[in-house]
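Please examine the sequence and the three-dimensional structure shown here before reading on. The paragraphs below are meant to be read with both in view.

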Amino acid sequence: TGAVGLYNVGQSCCLNSLLQVFLMNIHFTRILRRITVPPHTGQQHRNVPYQMLLLLEKMQCGKQKAVSPIALARCLSGHRVKLFVQHDAAQLFLTLWNLIKQQMKKPELVEELNYLYTICVQEHLTCQKCSLETKRNSSMVTLPLPVLDSNSHMLKNLEDSLQCFFRPEELTDLNMCFCEQCGRRTPFLQSMKLVHLPQTLTIHLKRFCFEKSTDVHKLSHDLPFPQDLDFNAVLTENQCQADDNEKAAWQYELFAVVAHSGSTSCGHYCAYVWSLTECKWYCFNDSEVHQVSWDDVKCTYGHSKLHW
C-alpha cells in the first residue's frame with residue numbers, strides 16, 4: 001500500500017528513523033512475524049518484538065499516511081529507554097537490537113537474527129620486542145568507522161574509512177601493553193581482521209569528536225558512500241581471516257541511511273530507505289514520507305547545513 005510514516009510523539013525522530021529501517025527490511029520482518037506471542041497482557045505490553053510486530057501490522061493494514069508508535073515507545077520506556085530526549089542513533093540501534101534479541105524466545109530466531117546482523121572480527125596483538133602474538137575473536141552489531149585518520153586529517157570517502165579501521169596501529173608510549181613473555185610493558189602492533197559479515201551490514205560513522213576540554217562537537221564534513229560496496233576490492237588479504245566462500249558474499253547494496261542534521265546538543269533525524277519490494281527510495285521524516293532520488297540520498301554525505 002506504499003510507505004507509511006510515524007508520528008513524532010516527543011523528540012522521537014531518532015526512534016522513528018530506526019524503526020523504519022528495521023520494518024522496511026523484509027529479512028527482519030520475516031523473523032519478526034514468527035515470534036512467540038506472550039500469553040499475558042502485561043507481558044505483551046513489555047515485549048519489544050511483539051510491540052514492533054503490532055506496529056508493523058498497523059502500518060501495513062491501515063490506510064493512514066502515518067501511525068503513532070506510542071505503544072512501542074511506552075514499552076521501551078519500561079526498559080529504561082528514555083523518552084522525550086535527544087538520542088544518538090548508533091546507541092539507540094544497539095539498545096533496540098539487544099532488547100529484540102533478549103526477548104525472542106525461539107533459539108532458531110535468535111540464530112537467524114545473529115546471521116542477519118552480527119559482524120565477526122579477529123583482534124591481533126603482536127609484541128614488537130619478542131613477536132609474541134595473541135588473538136581474540138569478537139563480534140559487533142555495527143562497524144564503527146572513523147571520519148578522521150590517525151593524524152586527524154579528513155578521510156575522503158567510506159572506502160578510506162574502512163581501510164583506516166582495519167589498518168594496523170602501533171601502541172607505543174602510554175599505550176604500550178604488558179607482554180607476558182617479556183615480563184614488562186612493551187610496544188605492540190594492534191590489528192583487526194575481518195572474519196564474517198552479516199546479510200545486513202550496519203555501519204556508523206564516528207562523527208562525534210572529543211576535544212581536550214569536555215566539549216563534544218560534530219564532524220560535519222562530506223564523506224561520500226557508494227551504492228554498491230565490495231569488501232574484497234577495499235581490504236587486502238592481510239586484513240581478512242576468511243575463506244573464499246565467505247568472501248564471495250561480501251558484496252553489498254545500500255539499503256538505508258539514517259541522517260542527522262544539527263549539532264550534538266540539538267538536531268533532527270530522518271531515514272532514507274530503499275524499498276526492497278517497490279525498488280524505490282523513500283525519505284521518512286517522521287509522519288512525512290516522500291519518494292526521492294539517489295541525488296537526494298547523496299545530500300546525507302554530510303555538511304554543516306544539511307537539508308532534506
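What follows is a guided account of this predicted model, beginning with its enclosed spaces and ending with its charged pairs.

The interior offers a starting point. Across the whole structure, a search for cavities of 30 Å³ or more finds two. The largest cavity has a volume of about 110 Å³. Its lining is made up of 15 residues, and those nearest the centre are Ser-12, Leu-15, Lys-82, Leu-83 and His-87. Two elements, α1 (13-23) and α5, each give two or more residues to this lining. By character, the lining of the largest cavity comprises ten nonpolar residues, four polar residues and one charged residue.

The second largest cavity has a volume of about 50 Å³. Around this space stand Ile-35, Thr-36, Asn-47, Pro-49, Gln-103, Met-104, Lys-105, Lys-106 and Leu-109. Four of these lining residues are nonpolar, three are polar and two are charged.

Attention may now turn from cavities to an open space. The second largest pocket holds about 660 Å³. Of the 21 residues that line this pocket, Pro-146, Leu-148, Cys-164, Glu-169 and Lys-206 lie nearest its centre. The elements contributing two or more residues to the lining are β5 (143-146), α8 (158-166), β9 (188-196) and β11 (208-210). Twelve of the lining residues are nonpolar, while four are polar and five are charged.

Strand β11 also holds Phe-210, a residue that belongs to a nonpolar patch on the surface. The patch consists of Phe-208, Phe-210 and Val-216, which together have about 300 Å² of accessible area. Phe-210 counts as exposed because its relative accessible area is 66%, and the cut-off for exposed residues is over 50%.

The loop between α5 (70-77) and α6 (89-103) deserves separate notice. Arg-80 is placed in this loop, and its phi is near 65 degrees, a positive value in a residue other than glycine. Phe-84 lies in the loop between α5 and α6 as well. The phi of Phe-84 is also positive, at about 60 degrees, although Phe-84 is not a glycine. Arg-80 has a relative accessible area of 81% and is therefore exposed. Phe-84, at 51% relative accessibility, likewise counts as exposed.

The charged pairs complete the account. Side chains of opposite charge can pair when their charged atoms come close. In this model the count comes to six salt bridges. One of them joins the side chains of Arg-34 and Glu-112, with an N to O distance of 2.7 Å. This pair links distant parts of the chain, 78 residues apart: Arg-34 is in the loop between α2 (26-32) and α3 (41-46), and Glu-112 is in helix α7 (residues 107-117). Arg-34 is partly exposed, at a relative accessible area of 35%, and Glu-112 is partly exposed at 31%.

Another salt bridge is formed by Lys-280 with Glu-278, whose closest N and O atoms are 3.9 Å apart. Lys-280 is partly exposed, with a relative accessible area of 30%, and Glu-278 is partly exposed, with a value of 31%. A further salt bridge pairs Asp-295 with Lys-298, and here the closest N and O atoms are 3.3 Å apart. Asp-295 is exposed, with a relative accessible area of 55%, whereas Lys-298 is partly exposed, with a relative accessible area of 30%.

Technical notes:
Residues are numbered from 1 along each chain as its sequence is written. This is a predicted model: local features need pLDDT of at least 70, side-chain atom pairs count only at pLDDT 80 or more; totals for chains, interfaces and linings use all residues. Side-chain values use heavy atoms; hydrogens and water are left out. On a 1 Å grid over the protein atoms alone, a cavity is a set of points where a 1.4 Å probe fits but cannot get out, and a pocket is an open set with protein on both sides within 12 Å along at least five of seven lines; lining residues have an atom within 4 Å of a point. Grid points are joined across faces, edges and corners, and a volume is the space filled by probe spheres set on the points. Helices (H or I, at least four residues) and strands (E, at least two) are DSSP runs, numbered from the N terminus. Ala, Val, Leu, Ile, Met, Phe, Trp, Tyr, Cys and Pro count as nonpolar, Asp, Glu, Lys and Arg as charged, and the others, Gly among them, as polar. Patches are made of residues with over 30% relative accessible area and no salt bridge: like charges are joined within 9 Å, nonpolar side chains (Val, Leu, Ile, Met, Phe, Trp, Tyr) within 5 Å. Accessible areas come from the Shrake-Rupley method with a 1.4 Å probe; for residues, only the protein chains shown count as cover. A salt bridge is a side-chain nitrogen of Lys or Arg within 4 Å of a carboxyl oxygen of Asp or Glu. Buried means under 20% relative accessible area, exposed over 50%, partly exposed in between (1.4 Å probe, protein chains only).
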